[in-house]
Each structure stands twice: as C-alpha cells, then as structure tokens.
Amino acid sequence: DCIIGPDFEPAECVTIKSSILGSNCKIGTNVRISNSILMDGVTLEDSVKVVNCIIASTMAHRTHIGSECTLKDCQVDAGFRLPSKTDAHEEKLVQDSWDNEGEESDEETDDDDEENELSA
C-alpha cells in the first residue's frame, strides 16, 4: 500500500507504511514513514519519524530533514531545512524566501503597507 518513485535510496532498517515517495528521495537508517507524502528529492537523515505529513520538494529547492527529527501532522514547504533533533507537531513549516531570489515575501510587504496606512 505504498507508491515509491524511481531512484529511491533507502538505508537499512527503513519502515514505510501507507505512503507515497517521489523520485530521488534519500532515506537514512532507522527511519519510519507512515501515512505521508514525500515529493521528489526529499532527504531524511537517520532516525527520523514522519507520520501524517506532506513534505514538498523540487529538484531546484530540495527539502532536508535532519537526524532524529519527529514530524507528526505537518506540512513542509519545498526547500525547507529542518535542523536535527527537532520535534514538530501540527505545524506548517514554510520557507520565508528563496535564497536565490532576494525578494521579501508578500506577507512582509503587506504588513509594511498596513503600518504606513496607520501612521498616515
């Protein structure tokens, strides 16, 4: 009851249940994935647990989850780099801006406009 894309690179002791993994995913040792979707190019380091999550990634903006992380009921944005030993539950982990674009997000711009309107 899993769908796994081509060029999948699992290490030893990997458990995957009721999940979809895109192509070019790299999975470390002692990783457990359950009821989740990992897009193309996601990297999970050793001893990661992923339950009920959607982890986005693109070949240009690969997502990297550090070792000993636990993700439950989360959405992870493409290009996000989660530090090791992070526990996240019911969170939406988003990239503030892409490193190569150098532009502020629309959300920051909207906040500045609101402040300018209030001070006028």
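**Strands, cysteines and a nonpolar surface patch**

His89 is located in strand S15, which spans residues 87–89. In this predicted model, His89 is partly exposed, with a relative accessible area of 44%. Apart from residues within four places in sequence, the contacts of His89 are with Thr70, Lys72 and Cys74. Thr70 is 19 residues away from His89 along the chain, and the C-alpha atoms of the two are separated by 8.1 Å.

The protein as a whole contains one helix and 16 strands. Of its 120 residues, 29% count as buried. The exposed area of the protein is about 7,400 Å², and carbon and sulfur atoms supply 44% of this area. Among contacts between residues at least 6 apart in sequence, 2% join residues at least 24 apart.

The average pLDDT of the protein is 85, and 80% of the residues score at least 70. Over residues 100–120, however, the pLDDT is below 50. Beyond near neighbours in sequence, this stretch has five contacts in the model.

Cys74, one of the contacts of His89, was also considered as a possible disulfide partner. The count of disulfides in the protein comes to zero. Cys53 is in no disulfide, and the nearest cysteine sulfur to that of Cys53 belongs to Cys74, 4.7 Å away. Why is the sulfur of Cys74 not bonded to that of Cys53? At 4.7 Å, the sulfur of Cys53 is the closest cysteine sulfur to that of Cys74, but this is too far for a bond, because a disulfide requires the two sulfur atoms to lie within 2.5 Å. Cys53 is buried, with a relative accessible area of 2%. Cys74 is likewise buried, and its relative accessible area is 2%.

Next to Cys53 in sequence, Ile54 lies in strand S10, made up of residues 54–55. With 39% relative accessibility, Ile54 counts as partly exposed. Ile54 is part of a nonpolar patch on the surface, together with Ile3, Ile20, Ile37 and Met39. The accessible area of these residues together is about 410 Å².

Another member of this patch, Ile3, is placed in strand S1, residues 3–4. Ile3 is exposed, and its relative accessible area is 54%. Not counting residues up to four places away in sequence, Ile3 touches Ser19, Ile20 and Leu21. Ile20, a residue of the patch, is 17 residues from Ile3 along the chain, and the C-alpha atoms of the two are separated by 4.7 Å.

Two residues were examined for their backbone angles. Most residues other than glycine have a negative phi. Asp7 is not a glycine, yet its phi is positive, at about 60°. Asp7 is placed in the loop between S1 and strand S2 (9–10), and it counts as exposed at 52% relative accessibility. Asp73 also has a positive phi, near 55°, and is a residue other than glycine. The position of Asp73 is in the loop between strand S12 (70–72) and strand S13 (75–76). At 33% relative accessibility, Asp73 counts as partly exposed.

How values were computed: Residues numbered from 1 in each chain as written. Predicted model: local features only at pLDDT ≥ 70, side-chain atom pairs only at ≥ 80, totals over all residues. Heavy atoms only, no water. pLDDT = per-residue confidence, 0-100. Contact = heavy atoms within 4.5 Å. Buried < 20%, exposed > 50% of the residue type's maximum accessible area, 1.4 Å probe, protein only. Patch = residues over 30% accessible without salt bridge, like charges linked within 9 Å, V, L, I, M, F, W, Y side chains within 5 Å. Areas by Shrake-Rupley, 256 points an atom, 1.4 Å probe, with all protein chains shown as cover. Salt bridge = Lys/Arg side-chain N within 4 Å of Asp/Glu carboxyl O. Helix = DSSP H or I, 4+ residues; strand = E, 2+ residues; numbered from the N terminus.
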